[in-house]
Amino acid sequence: MSQTQNVTAIVTKAEDYRENDRIIRLFTMEGGMIRATVRGVKKHGAKLKFCSQPFALCSFELAKRGEYYTVAGASQIESLFDITLDPERYAAGCLMLEASDVAVDEIPNPRLFVKLLRTLKSLVYGGDTNPFLLGAKYIIAALDEQGYGSAYEGGGKTEKLLHTLRASTLDEVCAMNVERSAALAAIKAVARSVEYHFDRRLFSLLSL
């Protein structure tokens, strides 16, 4: 017999499964990271297609049988898909999602969920805000949550920028004026820290 539960979640990853299904990874407000199957979503006219791709922010109804979840229903909370319209915002957003997928486990972490949501919304509505600074700021927070807050030793320019980002609020980061090359170096550095500490490759780095 299956049990159902409702969660608020951001889709961090989606993979095709069988002929018409998709497996998605959900960073949920209530339960950390959850893996769920969306059935029939690759069929023409599938009603749940909108909730089966990265950056979807939805309220999900999940049915659980044993250890496995299936998406029984979903409703969109807000569209974040405009992130995909700009290459650099999309690259930074993908790296944030992938870092979340690596760093977050099944333990609830509502504080980091809120930080991810606020940062993604800043990518959508932030105007001229540097997306690489926003991405680096969030990944620093993800590392902090897992006990790797002292990962940025050294006195180089990149390390100094990372310390500044760590100590700054999101609004302050949105207002920063930093050269693109410096911001790019910062997000690459924290992404490599995630790879090192979790022994997982972040494939989104290849697009930077």
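Two strands count as paired if DSSP finds at least two bridges between them. With that in hand, here's a quick tour of this predicted model. At its heart is a set of five strands that close into a barrel, in the order β1-β2-β3-β5-β4, with mixed pairing. From one strand to the next, the twist averages 50°.

**β1 and its partners**
- β1 covers residues 3–17 and β4 covers residues 57–65; the two pair in the antiparallel sense over eight bridges.
- Looking for a specific spot on that seam, take Ala-9, whose bridge partner in β4 is Cys-58.
- β1 is also joined to β2 (residues 21–28) by eight bridges, and these two strands run antiparallel.
- On the β2 side, Ile-10 has Phe-27 as its bridge partner, while Tyr-17 stands opposite Asp-21.

**The hairpin turn**
- Three residues sit between β1 and β2, which form a hairpin.
- Arg-18, in the turn, has a positive phi of about 55°.

**Helices across the strands**
- Helix α1 (residues 87–103) lies across β1, β2 and β3 (32–38), and runs at about 115° to β1.
- Helix α2 lies across β1, β2, β4 and β5 (68–78), running at about 55° to β1.

**A look at Arg-111**
- Arg-111 belongs to α2, which spans residues 110–125.
- Arg-111 counts as exposed because its relative accessibility is 55%, and the cut-off for exposed is over 50%.
- Arg-111 and Glu-145 are 34 residues apart along the chain, and their C-alpha atoms are separated by 9.1 Å.

Note on methods:
Residues numbered from 1 in each chain as written. Predicted model: local features only at pLDDT ≥ 70, side-chain atom pairs only at ≥ 80, totals over all residues. Heavy atoms only, no water. Helix = DSSP H or I, 4+ residues; strand = E, 2+ residues; numbered from the N terminus. Buried < 20%, exposed > 50% of the residue type's maximum accessible area, 1.4 Å probe, protein only. Axes fitted to C-alpha atoms, helices over the stretch in contact; angles between N-to-C directions. Contact = heavy atoms within 4.5 Å.
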